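Reader: I would like a close look at a single part of this model, namely the disulfide and the strands around it. Please state the cut-offs behind each term as you go.

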Amino acid sequence: MFAAESYTSRHYIAIVAMACLCVLLGGPSYAAGAESLIIAGATYYEPGVSGPGWAWTDADHLMLNGYAGEAIGADGDLVLTLAGQNSVTESRAPDADITLCGMEVWGNLTLRGTGTLTARGSQCGIHVSQALVVDACTVDARAGGADIADEAVAGVIAGDMAVRGGGRVVAAGAGSGAGVRAYGVYLQDAGLGDGAAGCRLSVDASWLDAAGADGGVACLGGSLVSARFVMPTGGAFGAGGVVDADGAVAAHVVVEPDVATPPTGETDGREVPGGGAGETAGGAGPAAGQPGVGPTTDPAVKPAATSPKTNITTKTTVTASSKPKTAAATAATLPKTADNNWIAASVTLFLLGIVSLATACRC
């Protein structure tokens, strides 16, 4: 009887151990994804929905294909795949959840695909509370500064920013309100780190054209990989942004891939079409003439709403002392963990369980 009880105990122990290992190690791991999505004037809390030009396929993935409409917002990490030409424009209606930006993501945002995205807003074209990655696609983000005062205005406002895979980014900010500071790209500390560890710009074999009266690119540090500053001549990363050879903040920054011969149809970047840093968000900008960039004519700026319904305006405040939502710092890229690793681990654990059972049976 003792032997039978011993066998049964070992049998149960082996099964429980294998089950625990499968639960702890075998399941696939995914990016947290967005808890909600605001698009085309509506708010959604579960993926699996779609509309003209868009589809929210799962929590961390949205696809745009020919979308042209109101602002897009997400609470959480989001990967946005672009196909065709797409555009987002802020909505200043009294009941709008997003009032100042064309796109607003409270988490990390990855833009990828073969398409283009045009984003227009008063305070920012695109606002990302943590890291923005532009991978291979074309982005044109501009802010006009309408009815903005005592704030930073920029085409892109983010924590960190990386442009890679041949991506193209045009960012411009303008404004004439009291206390407005206009940037092309404005990278602020969003809890990603202090000093040079946060607020960094990375350009890897890609294009960036950023213009703003107070700085083309404002950041604490950065790096160029297979890329070079075309404007300003002798440009470098300074303590608070890109500076020229004299150490003054550059109002217009142009980065291009560091190749001896530009691709067909490209210039060497020394003559950039479009206006300078003082250009408004609606004008013909530095993206003009670039392959893959759609028309840059903006719709007329809507009149300011007298009393927005929500407090989203507070979320887009970007003063030097402002802090966004509390969010764990994560890497700039947002890929899913490969399911292949889960399958291999599960098979291995299953085989180990069989061996354990066989051993228990012989005992």
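Author: What follows starts with the chain as a whole and then turns to the disulfide, its strands and the sheet that holds them.

This is a predicted model, in which local features need pLDDT of at least 70 and side-chain atom pairs count only at pLDDT 80 or more, while totals for chains, interfaces and linings use all residues. Residues are numbered from 1 along each chain as its sequence is written, and side-chain values use heavy atoms, with hydrogens and water left out.

The secondary structure of the chain comes to three helices and 27 strands, where helices (H or I, at least four residues) and strands (E, at least two) are DSSP runs numbered from the N terminus. Of the 363 residues in the chain, 45% are buried; buried means under 20% relative accessible area, exposed means over 50%, and partly exposed lies in between, with a 1.4 Å probe and protein chains only. Among contacts between residues at least 6 apart in sequence, 63% join residues at least 24 apart, a contact being heavy atoms within 4.5 Å.

Now to the disulfide. A search of the whole structure finds one disulfide, defined as a pair of cysteine sulfur atoms within 2.5 Å. The disulfide joins C101 to C124, with an S to S distance of 2.1 Å. C101 lies in strand β10 (residues 101-106) and C124 in strand β13 (residues 124-128), so the pair ties together parts that are 23 residues apart in sequence. The torsion about the S-S bond of C101 and C124 is about 60 degrees, and the disulfide is therefore right-handed. Both ends are covered: C101 is buried at a relative accessible area of 0%, and C124 is likewise buried at 0%.

Other cysteines can be set beside this pair. C219 is buried, with a relative accessible area of 2%, yet the sulfur of C219 is 8.1 Å from the closest cysteine sulfur, in C199, which is too far for a bond. C137 also counts as buried, at 1% relative accessibility.

The strands that carry the disulfide are themselves paired, which requires that DSSP finds at least two bridges between them. Strands β10 and β13 run parallel and are joined by four bridges, and in β13 the bridge partner of E104 is H127. On the β7 side, strand β7 (residues 72-76) and β10 pair in the parallel sense over four bridges, with E104 in β10 as the bridge partner of G73. Strand β10 is mostly covered, since six of its six residues are buried.

These strands belong to an open sheet of eight strands, with the order β2-β1-β7-β10-β13-β16-β19-β22 and mixed pairing. The edge strands of this sheet are β2 (42-44) and β22 (217-218), each of which pairs on one side only. Further along the order, strand β16 (residues 152-158) and strand β19 (residues 181-187) pair in the parallel sense over six bridges, and the bridge partner of V156 in β19 is V185.

For comparison, consider another covered strand. Strand β27 (residues 252-257) has six of its six residues buried. Strand β21 (residues 207-212) pairs with β27 in the antiparallel sense over four bridges, and strand β24 (residues 227-231) pairs with β27 in the antiparallel sense over four bridges. V255 in β27 is the bridge partner of L208, and F229 stands opposite V255.
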